[in-house]
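Biologist: I am new to this structure and would like to know what stands behind the terms used for it. Please show it first.

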Amino acid sequence: MDVELRQLRCLVAIVDEGTFTDAAAALGVSQAAVSRTLASLERSLGVRLLRRTSRQVTPTATGLRVVAHARRVLAEADHLVREATSGHARVRMGYAWAALGRHTLPFQRRWSAAHPGVELSLVRVNSPTAGLLEGMCDLAVVRRSPDDRRLDSAVVGLERRLCALAADDPLARRRTVRLADLGGRVLLVDRRTGTTTVDLWPAGSRPVTEETHDVDDWLTVIATGRCVGLTAESTANQYRRPGVVYRPVRDAEPVAVRLIWWRDEPHPATQAVIEHVTALYRTH
């Protein structure tokens, strides 16, 4: 069965315009071409889509369902064309948990001022490449080095590593904590996208771990006091939650913030994004 977009456009035009003559005028083709295209669609589907009288054309019950689907297919096809041809006009930047933390809003404002013709969209996708491999963004902010050779990356900044605790946790009374303070606790981690592993601790003094895949669930569990979490500073800036406090971990290495993109097909705006983000991390 071969159904073509031109057939679906023809069907929708007939229904919208009300007659074959008006549909032909809207499509810029002859009335005979409209009749042939509709007939070929009905043959392909093996069903009658329209009732035709001397005065009007109305969809059959099956035709109504097909028209509804056709509208969605045509809208998706139009969206596909816009995405493929947008080029310099749009850049989508993915992130998993936190984008750029306290730099997110300044970056968006700087971008709009410096590149008014290029729309910037931030897309949250909780995957190891923050949506890049899934085709949901053009470049992505990650906090782990990618292991896919198809991708390239650049370190754009460093962030402190913080501990997330329930507000009534005894450690919350301290200004800072050490890794050793957490050795006997239950650590809530996201193995797919997070920056925390038990390798931060020496063997024999590592915390027990539980796993989550969503920052909101992570915060909800930590607020109960059952678990603690370690995260990059950007999470604390982007996700403030009643009942959860963040304390710097003074003996933990900082987290490198990276931008990643397709090595063989970088978005035209990639270098500009790197320069803006790097400048923000360097000066603030």
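Modeller: This is a predicted model. One open sheet has three strands in the order E10-E7-E11, with antiparallel pairing. From one strand to the next, the twist averages 35°.

Biologist: What makes E10 and E11 the edge strands?

Modeller: Strand E10 (229–232) and strand E11 (244–248) each pair on one side only.

Biologist: How do you know that E7 and E10 pair?

Modeller: Pairing takes at least two bridges between the strands. Strand E7 (residues 161–166) and E10 have four bridges, in the antiparallel sense, so they count as a pair. For arginine 161, the bridge partner in E10 is alanine 232.

Biologist: Why is arginine 161 said to have no salt bridge?

Modeller: A salt bridge needs a side-chain nitrogen of Lys or Arg within 4 Å of a carboxyl oxygen of Asp or Glu. Arginine 161, in strand E7, is buried, and the nearest side chain of opposite charge, glutamate 253, is 7.5 Å away. That is beyond the cut-off of 4 Å, so no salt bridge is counted.

Biologist: What does the side chain of arginine 161 reach instead?

Modeller: The backbone oxygen of threonine 195, at 3.1 Å. A polar contact is a pair of N or O atoms within 3.5 Å, and 3.1 Å falls within that limit.

Biologist: How many salt bridges are there in the whole structure?

Modeller: The search finds 16.

Biologist: Why is the contact of arginine 185 with aspartate 169 called a salt bridge?

Modeller: Their closest N and O atoms are 2.3 Å apart, and the limit is 4 Å, so the pair qualifies. Arginine 185 and aspartate 169 both lie in the loop between E7 and strand E8 (186–189), so the salt bridge ties together parts that are 16 residues apart in sequence.

Biologist: Are these two residues buried or exposed, and what decides it?

Modeller: Buried means under 20% relative accessible area, exposed over 50%, and partly exposed in between. Aspartate 169 has 6%, so it is buried, while arginine 185 has 23% and is therefore partly exposed.

Biologist: Which other side chains meet in a salt bridge?

Modeller: Among them are aspartate 148 and arginine 150, at 2.7 Å, N to O. Aspartate 148 is buried because its relative accessibility is 18%, whereas arginine 150, at 48%, is partly exposed. Glutamate 210 and arginine 226 also meet at 2.7 Å, N to O. This pair links distant parts of the chain: glutamate 210 is in strand E9 (residues 208–211) and arginine 226 in the loop between helix H6 (215–223) and E10. Glutamate 210, at 31%, counts as partly exposed, and so does arginine 226, at 47%.

Biologist: How many disulfides are counted, and by what rule?

Modeller: Zero. The rule asks for a pair of cysteine sulfur atoms within 2.5 Å. As for the cysteines, cysteine 10 is buried at 3% relative accessible area, and cysteine 137 is buried at 4%.

Biologist: What is the order of the sheet with five strands?

Modeller: That open sheet has the order E4-E3-E5-E12-E6, with mixed pairing. Strand E4 (119–124) and strand E6 (151–159) are called edge strands because each pairs on one side only. Neighbouring strands are turned by 25° against each other on average, direction ignored.

Biologist: What makes E3 and E5 a pair?

Modeller: Three bridges join strand E3 (residues 90–95) to strand E5 (residues 139–142), and the two run parallel. At least two bridges are required, so the condition is met. Tyrosine 95 stands opposite valine 141 in E5.

How values were computed. Residues numbered from 1 in each chain as written. Predicted model: local features only at pLDDT ≥ 70, side-chain atom pairs only at ≥ 80, totals over all residues. Heavy atoms only, no water. Axes fitted to C-alpha atoms, helices over the stretch in contact; angles between N-to-C directions. Buried < 20%, exposed > 50% of the residue type's maximum accessible area, 1.4 Å probe, protein only. Lys, Arg positive; Asp, Glu negative; His and termini not counted. Polar contact = N/O pair within 3.5 Å; in protein donor to acceptor, adjacent residues only side chain to side chain.
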